[in-house]
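Trainee: Could you walk me through how to read a few features of a model, beginning with burial?

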Amino acid sequence: MLRALSLPIVLARAKVPLHARTLTASAPKFPVKHQGVLPTSQSPVVATLQFFNSVTGGAGQIPTYRVLDGIGIPIEDAEVPEISEEFARKLYESMQLLPTMDNILYNVQRQGKFSFYVGQYREMGVLLWRGFGIDAAMAQCFGNQDDRSGKGRQMPMHFGSVENHFHTISSPLATQIPQAAGVGFALKRDPERRDKNVACVFFGEGAASEGDFHAGMLMASTIPSPTIFIARNNGFAISTPAHEQYHGDGIAARGPGYGIETVRVDGNDILAVFNAVKEARRRCLESGRAVLVEAMTYRIGHHSTSDDSFAYRGRQEVENWKKIDNPITRFRLFLESKGWWDEKEEEVLKAKLKKDVMTALKRAEALKRSDLRDLFTDVYGGEEPWNLKEQREELARLIKKYGEVWEPWRSELKRFRDEGKKLAD
Ligand SMILES: Cc1ncc(C[n+]2csc(CCOP(=O)(O)OP(=O)(O)O)c2C)c(N)n1
Ligand SMILES: [Mg+2]
């Protein structure tokens with residue numbers, strides 16, 4: 001460091017690699033008049049004392065990209081993506097499926113049929129779009145024998161799917177972020193997948209306050225790793241409003257600090273999200289580097305079944321948000337303007353989705369849980385470690401002693417496919 005500082009200031013602009021030059025396109029606008037650059041960076045040398053607290057250098061906030069206005073009409077100069085009627089209808093149907101599931105599962109949890117429901121895990125939509133299926137989602141929530149995500153060992157809503165390339169959701173906030181940077185890097189190292197696949201990670205604006213967010217971004221920018229970071233800024237981390245979570249310009253402002261291409265998008269505008277993420281993916285693949293997308297939205301529901309959000313926000317505020325910028329209504333109005341949708345189809349779809357979800361629910365409810373033995377499998381590779389062996393044997397001993405004679409255990413055991421009989425070696 002000292003040696004670098006004592007070097008004479010180089011007046012000619014340093015030759016910078018192509019990726020560095022493209023990444024500086026979104027950097028702050030520095031004064032035009034400058035006297036060369038430092039020998040160790042592209043930072044222009046100026047005689048004016050100036051402080052910066054945001055990537056825009058005081059020129060205002062990072063803009064939000066939008067295609068549709070609040071009533072589904074493309075805004076001036078917006079580029080409407082070329083999507084077919086079939087594709088657009090599929091998008092709309094998937095958008096409607098998610099709240100249908102939310103409503104029904106929320107009530108089911110309230111009836112005590114499973115432990116917990118967390119409505120803000122919007123990633124279920126990604127899985128449903130990829131064909132995970134309502135049955136698989138229900139099986140996971142009930143933790144029954146058809147639960148391929150985790151054989152009933154995860155909390156409800158913690159999906160995972162090998163077929164759909166979806167890493168299992170985990171509750172500790174932000175742990176997925178550095179993992180994703182690692183996955184992106186691994187994809188790049190694999191000759192079969194290099195230049196074809198990227199990693200994509202979702203997290204809330206609250207999770208972006210964790211150290212793991214910064215570790216993941218730094219890692220992805222330095223390795224570098226083709227990873228798309230998608231921050232869902234829904235205004236709340238449970239009860240903490242966004243304005244108490246950060247002082248800067250949201251999550252997007254952090255991207256350029258890491259030299260990461262960044263875009264802020266209206267998360268309630270599906271066409272804007274579609275364009276932004278498609279372009280993010282293209283850039284990610286082309287440069288082999290990370291991209292950050294901040295999607296702005298508002299959490300209409302409570303955080304989870306353990307939360308009553310009216311303790312910290314007004315009912316009217318929520319009611320207003322349901323109407324303003326409602327992503328489903330906006331897209332529906334767009335479809336109607338194209339002649340791709342009408343009131344009748346809306347009714348038919350809603351009835352069908354409700355029926356599909358109820359059928360899946362009844363099916364999932366009736367199924368047994370996986371083998372109790374599965375509690376001890378798949379945790380580690382290779383031989384069963386001594387501590388798991390010890391715990392498994394103890395449970396087997398207790399079941400032998402109380403399983404038949406103590407009613408709570410007798411009825412509970414019947415809910416498992418093996419009724420706890422496979423526990424012993
Ligand atoms: C490390 C860690 N700390 C605290 C929690 C408790 N917790 C669960 S969700 C949540 C808020 C998350 O907010 P955000 O990332 O904005 O996601 P949102 O719920 O809005 O989708 C908190 C604090 C946790 N799961 N993990
Ligand atoms: Mg949030």
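Mentor: Happily. A residue is called buried if 20 or more other C-beta atoms lie within 10 Å of its own, exposed if 12 or fewer, and partly exposed in between, with C-beta atoms placed from the backbone. In H5, the buried residues are Ile134, Ala136, Ala137, Met138, Ala139, Gln140, Cys141 and Phe142. Keep in mind that this is a predicted model, where local features need pLDDT of at least 70, side-chain atom pairs count only at pLDDT 80 or more, and totals for chains, interfaces and linings use all residues. Residues are numbered from 1 along each chain as its sequence is written, while chains are lettered from A and ligands numbered from 1 in the order in which they are written.

Trainee: Why is helix H5 described as largely enclosed by the rest of the structure?

Mentor: Helices (H or I, at least four residues) and strands (E, at least two) are DSSP runs, numbered from the N terminus. Helix H5 covers residues 134-142, and 8 of its 9 residues are buried, so the rest of the structure largely encloses it. The cover over those buried residues includes H3, helix H4 (124-129) and helix H12 (343-366); here contact means C-beta atoms, placed from the backbone, within 7 Å. Just after H5, Gly143 has a positive phi of about 60 degrees.

Trainee: Is Tyr106 buried, exposed or partly exposed, and why?

Mentor: Tyr106 is partly exposed, because 16 other C-beta atoms lie within 10 Å. Tyr106 sits in helix H3 (residues 85-110). In sequence, Tyr106 and Thr305 are 199 residues apart, yet their C-alpha atoms are 7.3 Å apart in space.

Trainee: At what angle do the axes of H6 and H7 cross?

Mentor: Axes are lines fitted to C-alpha atoms, for helices over the stretch in contact, and angles run from 0 to 180 degrees between N-to-C directions. Helix H6 (residues 176-189) and helix H7 (residues 211-222) have axes that come within 7 Å and cross at roughly 15 degrees. That makes the two helices roughly parallel, a label for angles under 35 degrees (over 145 is roughly antiparallel, 65 to 115 roughly perpendicular and the rest oblique).

Trainee: Which residues make the contact?

Mentor: On H6 they are Ile177, Pro178, Ala180, Ala181 and Gly184, and on H7 Asp212, Phe213, Ala215, Gly216, Met219 and Ala220.

Trainee: And how many helices and strands does the protein chain have?

Mentor: The protein chain has 14 helices and 6 strands, and 30% of its 425 residues count as buried.

Conventions: Contact = placed C-beta atoms within 7 Å.
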